[in-house]
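User: Got a minute to walk through a structure with me? I'd like to talk about its cores and salt bridges.

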Amino acid sequence: MIKKAAAVLAGIFLAVSLTGCSGAPKLNLPFLGGDPEPDYKSGVVEEEFQGITYQVPEAWQSQESEDGETRYYYPVSENGELPVSIMLQYAAMDEELWEEGEMEFLHTLSADYKSLEGISNFKQEDSSLGEIPVVKITCDQTPGEDSGTYHARYTLIPVNREAVLTVASAVPEDADNNYEEDFEFICESIEIPE
């Protein structure tokens with residue numbers, strides 16, 4: 001059962017890092033140069049997904065997968081290209097997976113990420129979102145020989161022992177802007193209903 005859950009979440013990684021798969025917006029180079037102010041500082045909007053509320057930069061566009069379990073957000077550069085996408089994926093999990101506790105389950109999922117092919121520089125950090133324990137992952141992923149390397153970030157958030165909300169981004173290693181501050185802002189704004 002853990003392997004099934006891990007397979008669902010491993011699919012998240014590939015969907016983000018293989019930009020253009022699973023209905024994700026296609027990301028194009030070149031990226032904006034320099035280190036601009038985070039987009040959220042220019043204004044935000046509140047969004048709702050699977051009953052979970054959060055804020056995203058006002059100027060960003062969004063797209064939802066056909067099954068309604070994944071939502072993509074992406075800024076548009078001055079030349080109309082998409083520099084990066086940040087993805088929220090909701091994956092329902094069977095009740096027995098939570099028996100050992102939330103952090104133990106999230107650690108199991110994290111270990112499965114680490115074991116994926118093409119992963120390097122893997123780092124895991126236990127953190128929290130208010131009272132909710134979360135696991136943050138950063139790593140580099142080379143999903144295939146011709147795909148290049150991506151810097152990936154994941155925040156694994158338990159949703160009332162019913163699901164895992166994964167907030168993810170994958171940025172090509174040669175990108176000028178990694179949108180890290182916008183990613184952290186979105187994660188910190190998440191509110192899980194009781």
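Analyst: Here are some notes on the cores, one helix and the salt bridges. This is a predicted model, where local features need pLDDT of at least 70, side-chain atom pairs count only at pLDDT 80 or more, and totals for chains, interfaces and linings use all residues. Residues are numbered from 1 along each chain as its sequence is written, and side-chain values use heavy atoms, with hydrogens and water left out.

User: Cool. Which residues have the most contacts inside the largest nonpolar core?

Analyst: Those are I52, Y54, I157, L165, V167 and I190, in a core of 25 residues. A nonpolar core here is a set of buried Ala, Val, Leu, Ile, Met, Phe, Trp, Tyr and Cys residues joined through side-chain atoms within 4.5 Å. Buried means under 20% relative accessible area, exposed over 50%, and partly exposed in between, with a 1.4 Å probe and protein chains only.

User: And which elements give two or more residues to this core?

Analyst: β2 (52-57), β5 (86-92), β8 (150-159), β9 (163-172) and α3 (180-189) do. β9 gives the most, with 4 residues. Helices (H or I, at least four residues) and strands (E, at least two) are DSSP runs, numbered from the N terminus.

User: What is I190 in contact with?

Analyst: Leaving aside neighbours within four places in sequence, I190 touches I52, T53, Y54, L129, I157, L165 and V167. Contact means heavy atoms within 4.5 Å. There's also a second, separate core of 21 residues, which includes Y72, L109, I137 and V164.

User: L109 is in α2, right? Which α2 residues are buried?

Analyst: Yep, L109 is one of them, along with M103, F105, L106, S110, D112 and Y113.

User: Switching topic: how many salt bridges are there?

Analyst: The count comes to 4, taking a salt bridge as a side-chain nitrogen of Lys or Arg within 4 Å of a carboxyl oxygen of Asp or Glu. E47, E64 and R71 are linked in a network of them.

User: What are the distances there?

Analyst: N to O, E47 and R71 meet at 3.7 Å, and R71 and E64 at 2.7 Å. E47 lies in strand β1 and R71 in strand β4 (residues 70-74), so the E47 and R71 pair ties together parts that are 24 residues apart in sequence.

User: Is R71 buried or exposed?

Analyst: R71 is buried, at 12% relative accessible area. E47 is partly exposed at 21%, and E64 is partly exposed at 38%.

User: Where is E37 placed?

Analyst: E37 is in the loop between α1 (2-17) and β1 (44-49). The side chain of E37 meets K41 in a salt bridge at 3.5 Å, N to O. E37 is exposed at 56%, and K41 is exposed at 52%.
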